[in-house]
Amino acid sequence: MNGEFEWNEIAFDVAKDVEKVVMPIFGTPKAGENIGKNVSGDVTKYVDKVAENLVIERLKPLGINIVSEEIGNIDVGSDYTAVIDPIDGSYNFAAGIPIFAFSLAVFKKKAPVYGAIYEFVTGNFYEGIPGEGAFMNGRPIHVKKVEHGKEAISFYTRGRCTGLIKKVKRVRVLGAIAVELTYLAKGALDGVLDIRNYVRTTDIAAGVVIAKEAGAMVTDERGKELRLNLNATDQTNIIAVNDSRLLDLILREIGRGE
Ligand code: IPD
Ligand code: CA
């Protein structure tokens, strides 16, 4: 698959190795210990670093570029770039909330060629392969057809455009956007929105590949196709939905700015 690398095997093996080192400290104070700052100036927790060290050690021998949440960019001049969040949802992890995942996307030059998210607690392994589809544990997954008036969305707002909350039936904010994008992809959520200008490529790159391949529309806050820069610091908004009417409703609410 995808030329010289078997990305699905690499992603699965690395995710299982991360699982072995992190799961013994799930929900422990040690996992949440603050051990410094990452390239964006955010706190690095012990679990973030343990997971990242392992991922870098495993990927470095491949000779590809790496963009990872804590360490930032390692550019070795390869055509391939792996964009990683070793643990998405590290607050959840340290607090003992079982919603967190390993996330890895691969780009050839600037184009995505593969995305994988491994949810440690359920053991579900999600993949997106541009042009081929989205899969959970090897079986195809699709967004669901929205039933208007019954929408369930994840909405990170920080007080912006909260009028939208009254226009949908359910709001679930789960604290691990990579996982939430897989839930959109498999039809468990109708939309995943973050309009805090806060998420980074590392948080969402794999989830975007998977959600799009499952049929989702993924845009910026103006409804334009979302473009991701391959670095660990730029922050963005994201609107990912299963249906153009829901997208229109969201864009109208955001346009009102309340
Ligand atoms: C966080 C989660 C969360 C999102 C934050 C991210 P992290 O990732 O994805 O859902 O709201 O923006 O930083 O820091 O736990 O890897
Ligand atoms: Ca993380």
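Visitor: What makes a molecule count as sitting in a pocket?

Guide: A molecule sits in a pocket if more than half of its atoms lie within 2 Å of the pocket's grid points. In this predicted model, ligand 1 sits in the largest pocket, so more than half of the atoms of ligand 1 lie within 2 Å of that pocket's grid points.

Visitor: Why is the pair formed by Gly89 and ligand 1 called a polar contact?

Guide: The limit for a pair of N or O atoms is 3.5 Å. A backbone N or O atom of Gly89 lies 2.8 Å from an oxygen atom of ligand 1, and therefore the pair qualifies. Ala176, at 3.1 Å, and Gly175, at 3.4 Å, each also place a backbone N or O atom within that limit of a ligand oxygen. The protein covers 85% of the 370 Å² of accessible area that ligand 1 has on its own.

Visitor: Which classes of residue make up the shell around ligand 1?

Guide: The shell has 6 nonpolar, 3 polar and 5 charged residues. Asp88 and Arg196 are among the closest; Asp and Arg count as charged, so both residues belong to that class.

Conventions:
Residues are numbered from 1 along each chain as its sequence is written. Chains are lettered from A and ligands numbered from 1 in the order in which they are written. This is a predicted model: local features need pLDDT of at least 70, side-chain atom pairs count only at pLDDT 80 or more; totals for chains, interfaces and linings use all residues. Side-chain values use heavy atoms; hydrogens and water are left out. A residue is near a molecule or strand if one of its heavy atoms lies within 4 Å of it. A polar contact is a pair of N or O atoms within 3.5 Å; within protein, one must be able to donate a hydrogen and the other to accept it, and residues adjacent in sequence count only if both atoms are side-chain atoms. Accessible areas come from the Shrake-Rupley method with a 1.4 Å probe; for residues, only the protein chains shown count as cover. On a 1 Å grid over the protein atoms alone, a cavity is a set of points where a 1.4 Å probe fits but cannot get out, and a pocket is an open set with protein on both sides within 12 Å along at least five of seven lines; lining residues have an atom within 4 Å of a point.
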